[in-house]
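Here are some questions a newcomer might put to this model. Each answer sets a value against a definition.

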Amino acid sequence: MTDDEVVEHYLAGTLLRELRRPAITAMQEELHVQLAALHNAKRIDLLAWSVGPGSDKAERGDAFTIQQVYRNAIPHLEIASSEMMELIRRIERRIGDTAVFARGKLPLWIKSAQSRPQEIVDVARSDTDLDREILLHALVALGDEGVAHSFVVLGDARRQAAIAALGAIKPRNAKSGDATLRTLIAIVGEDPDGDVRFTAISAAIELSVLRKMRTLKWTPALIDAATARPCEEIRTALLNGLWRHPELFRSADAKAVLSLACDGDLTSDRLVDMLAATLSGLVGGTHHDEAIDCLSTLLASSGKALPLDGLRALDHHLTTLARPMLFAISVRWFATGDHALCEATSKLIGAAHDQKAFDESLEGFGLTDDQTIVLCHKAVGYMPLAPIVATSFIVAALRAGEKNAEPKLVELLFEALLINFRETVADHLKKIRKADAAYRPARAALRLYRRYERDSKIGTPIKELQPSDYQRSVVRQNRYVANREIRNQAERQSVFFGAIHRSNLLYGRKVISYARGAGEPPTSMELREMSSYIEMPRLQAIDPVGLDWLLYIFRSSKPK
């Protein structure tokens with residue numbers, strides 16, 4: 001659009017409609033900069049337009065367009081700080097939280113004029129209501145820590161903006177940097193406002209990064225000041241710092257931060273989410289051992305008893321660890337015998353559809369013979385549908401070369417796994433090479449299994465154990481009829497079912513989608529048959545009660 005066309009649409013109240021049209025991002029940005037130039041030339045008023053004058057009303061879905069307009073225009077606007085504050089308020093009232101993207105361009109607007117940071121600071125000295133974010137960016141752009149310190153002593157909202165700015169202003173020298181850190185640590189220990197303390201912790205950590213400190217002398221003092229009067233904001237700030245900059249924390253410091261977090265209110269989503277993110281960043285990297293100690297405390301029945309899926313995305317991160325590291329975590333949790341930790345281990349490595357065996361050894365883990373056997377009991381008991389993974393734990397135990405435990409391990413391999421899962425486990429054991437320490441005991445278990453299979457074959461089949469296909473179908477049909485009658489009775493007796501609209505949709509083998517507009521051809525996708533298969537233990541059909549009892553015994557197993 002030409003300048004005159006823009007002005008015409010602005011006056012007619014149709015500008016917003018026209019701004020929806022350009023589909024190319026580069027064209028949109030050029031148009032938004034053009035709007036800023038027209039505002040600076042006083043041909044249109046973007047400050048007035050921010051409230052939607054005349055018929056130029058925002059429709060549903062226009063919030064994105066409006067925030068994009070101001071996001072691209074703000075760095076080029078030539079307006080006073082008071083007008084910018086008013087503009088931001090109006091945008092926020094008009095489109096709500098989406099205005100945060102427009103706020104992200106404030107630093108560019110402040111830096112676009114050399115005198116603007118000082119002008120904003122001068123206004124802030126007398127205007128107690130000046131937007132904190134604008135003041136923060138102005139102080140950072142000014143780069144004078146002395147000016148920021150002059151606002152820290154104030155008792156209003158300007159103080160918090162100045163504290164945040166101290167974390168982004170590079171000190172003149174080491175002495176002034178140390179003085180700033182002392183000020184921030186004092187605020188952490190003494191200020192009654194949790195949000196201010198949060199800001200001070202974040203600023204202290206960012207300042208340490210900015211200074212590229214080679215020594216970590218300030219971190220323990222910061223943690224001590226925080227733990228003296230802990231609150232959720234303090235815990236969250238320390239976790240955030242540990243997550244983003246673990247290099248600033250010694251082992252003892254990381255352990256203190258994680259311990260402080262574990263002692264907080266773990267019903268708070270904010271704290272738990274931050275704790276999960278921090279542990280995800282530490283596990284497999286810096287402070288791995290401290291993170292696993294903390295995670296064990298969180299999950300254990302004797303600890304905080306949090307469910308693993310309550311720590312969002314952490315379970316997925318654990319499954320992506322290197323296999324030796326994941327094996328070490330699994331051994332540790334199975335060896336505790338804690339039910340919650342064993343269940344968590346089963347969720348991580350015991351998936352029936354994606355079994356990945358470990359190629360490891362228990363040598364060097366410092367387990368006694370009894371502990372090794374109990375560990376294998378847990379692996380079998382908590383992973384009844386992942387026989388390959390459970391087998392790999394027994395093979396790892398056999399590789400440790402403990403002669404006293406070997407007979408019991410061979411017996412466990414035969415009775416719990418080979419009998420139940422037959423060739424699936426047998427094929428896995430056949431892949432063990434002769435040079436492997438587990439080769440000889442694995443072959444002994446296979447010989448027991450072959451003898452069992454040979455002796456179980458009888459000349460005259462037992463009809464009761466081998467029903468015909470017809471008999472199986474009759475049982476399935478009767479079960480289906482019974483389940484359908486149960487469902488129908490439940491629907492008839494339900495006080496809610498009559499109030500719910502139900503539709504039964506019939507479809508063929510193709511899905512047709514009109515997703516690109518009426519003028520575009522539809523897309524189609526053929527439906528394909530999908531199936532999954534889970535191998536069930538043999539005893540599930542022959543002796544289900546005995547199998548349940550056996551798994552219960554394994555799960556309850558303890559060292560003598």
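The bend at a residue is the angle between two axes, one fitted to the seven residues ending there and the other to the seven starting there. This is a predicted model: local features need pLDDT of at least 70, side-chain atom pairs count only at pLDDT 80 or more, and totals for chains, interfaces and linings use all residues. Residues are numbered from 1 along each chain as its sequence is written, and side-chain values use heavy atoms, with hydrogens and water left out.

Q: Where does α25 bend, and by how much?
A: The bend is at F414, and the angle is about 30°. Helix α25 covers residues 406-421. Helices are DSSP runs (H or I, at least four residues), numbered from the N terminus.

Q: How do you know what span to expect for α25?
A: The expected span is 1.5 Å times one less than the number of residues. With 16 residues, α25 has an expected 22 Å. From first C-alpha to last, α25 reaches 21 Å, close to that value.

Q: What makes α25 mostly covered?
A: Of its 16 residues, 12 are buried. Buried means under 20% relative accessible area (exposed is over 50%, partly exposed in between; 1.4 Å probe, protein chains only). Among the buried residues are L409, F414 and F421. The cover includes α23 (369-382) and α30 (544-556).

Q: What does α25 give to the largest nonpolar core?
A: Helix α25 gives the most, with 10 residues. That core has 152 residues, and Y70, I74 and F393 touch the most other members. A nonpolar core is a set of buried Ala, Val, Leu, Ile, Met, Phe, Trp, Tyr and Cys residues joined through side-chain atoms within 4.5 Å.

Q: Why is A73 called buried?
A: Its relative accessibility is 0%, so A73 counts as buried. A73 lies in helix α5 (residues 63-73). Beyond neighbours within four places in sequence, A73 is in contact (heavy atoms within 4.5 Å) with H32, A36 and L46.

Q: Why do C262 and C294 not form a bond?
A: A disulfide is a pair of cysteine sulfur atoms within 2.5 Å. The sulfur of C262 is 3.3 Å from that of C294, its closest cysteine sulfur, so the pair is too far apart for a bond. C262 is buried, at 6% relative accessible area.

Q: What about C376, and how many disulfides does the structure hold?
A: The closest cysteine sulfur to that of C376 is in C342, 12 Å away, which is too far for a bond. The structure holds 0 disulfides.

Definitions and conventions
Helices (H or I, at least four residues) and strands (E, at least two) are DSSP runs, numbered from the N terminus.
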